[in-house]
Amino acid sequence: MSDSTSSRQQRVREFAEDLRGRIEGDLRLDSISRALYASDASIYEIMPLAVLVPRSPDDVEVAVRAARQHAVPVLARGGGSSLAGQTVNEAVVIDFSKHLDGVLGFDAEAGRIRVQPGITYERMGRALAGSGWMMGPDPASGSRATLGGMLANNSTGTHSLLYGNTIAHVDRATALLADGTRVDWGAMSPEAWRTAVRRTDSEGRVLQGLDIVARRSAEIIRTRMPRHWRRNNGYRVEELLEPAVNPARLLCGSEGTLAVVTDLTVSLVRRPVATAVGVVHFATRRDALEAVTAILETDPSAVELFDGAAIRQCRASRGFAHRLTFVEGSPDAILLTEYYGESRVELSDRLDRLERRVIGPTPATGIVRLEDPAAID
């Protein structure tokens, strides 16, 4: 055993002893518990130092403060659905999904909901059932993906054409800084921002540093940073520029490296009254990809590629073969093209427009129209 390994283990033991009797949740040090959190949906596997399953935000605050004192790294984890190893590391993994998964408030008039980070997209959707509201970004892993993870990844989903990334929907966040200081961040007016950066406490010093970055690099941020809305390759420092400063949105896409979020408030979007789907068939995948631009001109709510390999695999599976009623013949690719509308008549007209746009002007070989909700489901 190396000196560094021995020292690390000693720090973890001291950290665990510090938490004894101070938290309601569980700190798990056994090898089996740690192994369960050593992997996520990626190819990576890293054994954590320990696993914390908090029962309250206070547990998280105590743990973060103790971790700072004992020089132990921490890693906030949602559903473990990350594809690039974001939820594994040699750290104390904090699992929010077990207990910190509730709805803290819902403003049905404003279309805004405050939730704990461990709630899944799907569970929040059930909580909103019948309200007419929904969360815009809808990741395919929504049955496991948590709102805290969606914030950390700046997730998007099938309807990214309409709703973009999570960053566009986060209003506020309560979070813990590295020293355990609790902050409540949201949109600030220029006056409120200038007041905040003059503070001398831990939060003030952090905001001062952010203000320096924003002022020194404002021109570069405005003129050289890519404007593409699916950008997730760095911190979103444009959120620090006046007049609309929102430090909570800086956390989006930061993968938990800037703060540990303990609750967040997101703006919702209206649930569509009705939907329709046009399944556009192509002889080759290249034809399908080249037709996307033309399809986008019809203003769909979603466009998803389903290629020949997937079609063939599904047809070879007893569990899925009977579901491919929307695929005719043997296309090498289809584009599932969805539309939102206020009525069936409107949606039928939109499918007509799609058909006119792709049959003939593009290499599309046909289109299956789905207008019945059961068929779409």
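Here's a quick briefing on the chain as a whole and then on one of its helices, α8. Keep in mind that this is a predicted model. The chain has 377 residues, and 50% of them are buried. Its secondary structure comes to 13 helices and 15 strands.

**Overall build**
- If you follow the C-alpha trace along its principal axes, you get a span of about 70 × 50 × 40 Å.
- Take the contacts between residues at least 6 apart in sequence: 65% of them join residues at least 24 apart.

**Surface and charge**
- About 18700 Å² of the chain is exposed, and carbon and sulfur atoms supply 50% of that area.
- On the charge side, there are 49 negative side chains and 46 positive ones.
- The centres of those two sets of charges sit 3 Å apart.

**Helix α8: length and bend**
- Helix α8 covers residues 202-224, which is 23 residues.
- At 1.5 Å a residue, α8 should span 33 Å, and its end C-alpha atoms are 31 Å apart, so the two values agree.
- Helix α8 also has a kink of about 70°, and the kink is centred on Ser217.

**Helix α8: what it packs against**
- The buried residues of α8 include the run Ser202, Glu203 and Gly204, and further along Leu207, Leu210 and Asp211.
- Ala214, Ala218 and Ile221 are also among the buried residues of α8.
- Which elements do the buried residues of α8 pack against? Their partners are strand β9 (182-186) and the helices α7 (190-196) and α9 (247-250).

How values were computed. Residues are numbered from 1 along each chain as its sequence is written. This is a predicted model: local features need pLDDT of at least 70, side-chain atom pairs count only at pLDDT 80 or more; totals for chains, interfaces and linings use all residues. Side-chain values use heavy atoms; hydrogens and water are left out. Helices (H or I, at least four residues) and strands (E, at least two) are DSSP runs, numbered from the N terminus. Buried means under 20% relative accessible area, exposed over 50%, partly exposed in between (1.4 Å probe, protein chains only). Contact means heavy atoms within 4.5 Å. Accessible areas come from the Shrake-Rupley method with a 1.4 Å probe; for residues, only the protein chains shown count as cover. Lys and Arg count as positive and Asp and Glu as negative; His and the chain ends are not counted. The place of a charge is taken as NZ of Lys, CZ of Arg, CG of Asp or CD of Glu. The expected span of a helix is 1.5 Å times one less than its number of residues. The bend at a residue is the angle between axes fitted to the seven residues ending there and the seven starting there.
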